[in-house]
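Welcome, and thanks for taking a look at this chain with us. Please have the sequence and the model open side by side as you read.

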Amino acid sequence: MVQTEGKNPEKIVLVLQGGGALGAYQAGAYEALCKAEQEPEWLAGISIGSINAALIAGNPPGARLEALRRFWEGVTGAPWLMGTPLEGGLLPDQIRSFCNEGRAAMTTFLGAPGFFRPRLPDMFSFLPGVMRQTSWYDTAPLRDTLHELVDFDYLNDHGPRVTVCAVDIETGNFTCFDSRKTRITADHIMASGALPPGFPAVEIDGRHYWDGGLVSNSPLQVVLEKPCQRPLCVYQVDLYPSRDGLPHTMARVEQREREIRFSSRTRFNTDEFRTRHALSRAARRLRARLPETLRDDPDLKLLIEAGPSQPVSLMHLIYRHADYESGSKDYEFSRLSMLDHWRDGLHDAESSLGHPEWVNRRVPEDGLMVFDMCDPHRAGDGTA
């Protein structure tokens, strides 16, 4: 693994996208990072990414994988989610798809243990114009699970930095809660994953919040905007690909629409980063050519600070759906699918960490290089 010279090693950052049941892929990717001794110093997450981030940061290194396993085995452990041995790998895609749709339907009706349960409708729920209910599910089980598996005192006082993002319902503003500035609680994690109309809003300090994915499903821009004194090594684990083939069925149309809506805009964020970095470098060159009396000009200082001065290496790990999956894959909480997603995350991360292009990487002058070794569309140059 490349290291910078001197006493300024890379700062490891783990960025986790939202995506419901697909979040087990992130757990598998973290297992690979753990085995490679790439423990994050900073975790940034949205929705299920925030839950995984809390499970990691809220436990000492030796207990993090166990916390992740307990969570994912718990939420997929109900009898209606366990499935049968016949569903494991030997069935045609059409049969596996049928089984997955059945598990997704059962999740819709019965919920996922330790996560969410159906909310009993009030007596006016089905009368037009007078419904008082604002969510279909109750997420109280998730609060109990977080308190059981996450040591919030450890997270805030000893764990790596944590940033989780939500949306202020009344202003529509994208809001980030950072453990460096705010004492993170279960409310902040739940607010980041409060996707309407399924899940209820979460109140924090008199404000009400919904899932951050309504504005942006990845907090990568938050990481790139923050000043850092060390080079960054960012592992971004996404659950929706931005690129895929043309859909030819209604099921594929639904799936592709969801992928486009919730993909992370990585290219937009990285292009903006490169632009700001180039602007900053140009301003620094200009400053060196100016007379001493103009070098401290506030406008020039603003241009210099527009972009970070430290380089960034970004490994992009993206879950790419199986042929038998449909638009229900993010709420299909079956045990078998969870194990598949975890295995895929572990495999993709291990393959990428050992890839020569990553091991031998050199950060270019523009300050950013993006790697996606598992991208089926990549041209073989190591960049996204």
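How many salt bridges does a search of the whole structure find? The search turns up 20 salt bridges. Please keep in mind that this is a predicted model.

## The chain at a glance

Let's begin with the overall picture. The chain has 384 residues, and 51% of them count as buried. Its secondary structure includes 14 helices and 11 strands.

Sequence separation is worth a look too. Taking the contacts between residues at least 6 apart in sequence, 74% join residues at least 24 apart. On the outside, the accessible surface comes to about 18100 Å². Carbon and sulfur atoms account for 57% of that surface.

## A pair linking two strands

Now to the salt bridges themselves. Side chains of opposite charge can pair when their charged atoms come close. One such pair is arginine 207 with aspartate 168, where the N to O distance is 3.0 Å. This salt bridge links distant parts of the chain, with the two positions 39 residues apart in numbering. Arginine 207 lies in strand E8, residues 207-211, while aspartate 168 belongs to strand E5, residues 161-168.

Is aspartate 168 buried or exposed? Aspartate 168 is buried, because its relative accessible area of 7% falls under the 20% cut-off. Its partner, arginine 207, has a relative accessibility of 30%, so arginine 207 counts as partly exposed.

## Two further pairs

Aspartate 296 and arginine 287 also form a salt bridge, and their closest N and O atoms are 3.5 Å apart. Which class does aspartate 296 fall into, buried or exposed? With a relative accessible area of 62%, aspartate 296 is over the 50% cut-off and therefore exposed. Arginine 287, at 32%, is partly exposed.

Another salt bridge joins aspartate 344 to arginine 343, with 3.2 Å between the closest N and O atoms. Aspartate 344 has a relative accessibility of 23% and counts as partly exposed. Arginine 343 is likewise partly exposed, at 47%.

## A shared network

Which residues are joined into one network by salt bridges that share partners? They are Glu31, Lys35, Arg69 and Glu350. To see this network in the model, you can select those four residues together.

Methods: Residues numbered from 1 in each chain as written. Predicted model: local features only at pLDDT ≥ 70, side-chain atom pairs only at ≥ 80, totals over all residues. Heavy atoms only, no water. Helix = DSSP H or I, 4+ residues; strand = E, 2+ residues; numbered from the N terminus. Buried < 20%, exposed > 50% of the residue type's maximum accessible area, 1.4 Å probe, protein only. Contact = heavy atoms within 4.5 Å. Areas by Shrake-Rupley, 256 points an atom, 1.4 Å probe, with all protein chains shown as cover. Salt bridge = Lys/Arg side-chain N within 4 Å of Asp/Glu carboxyl O.
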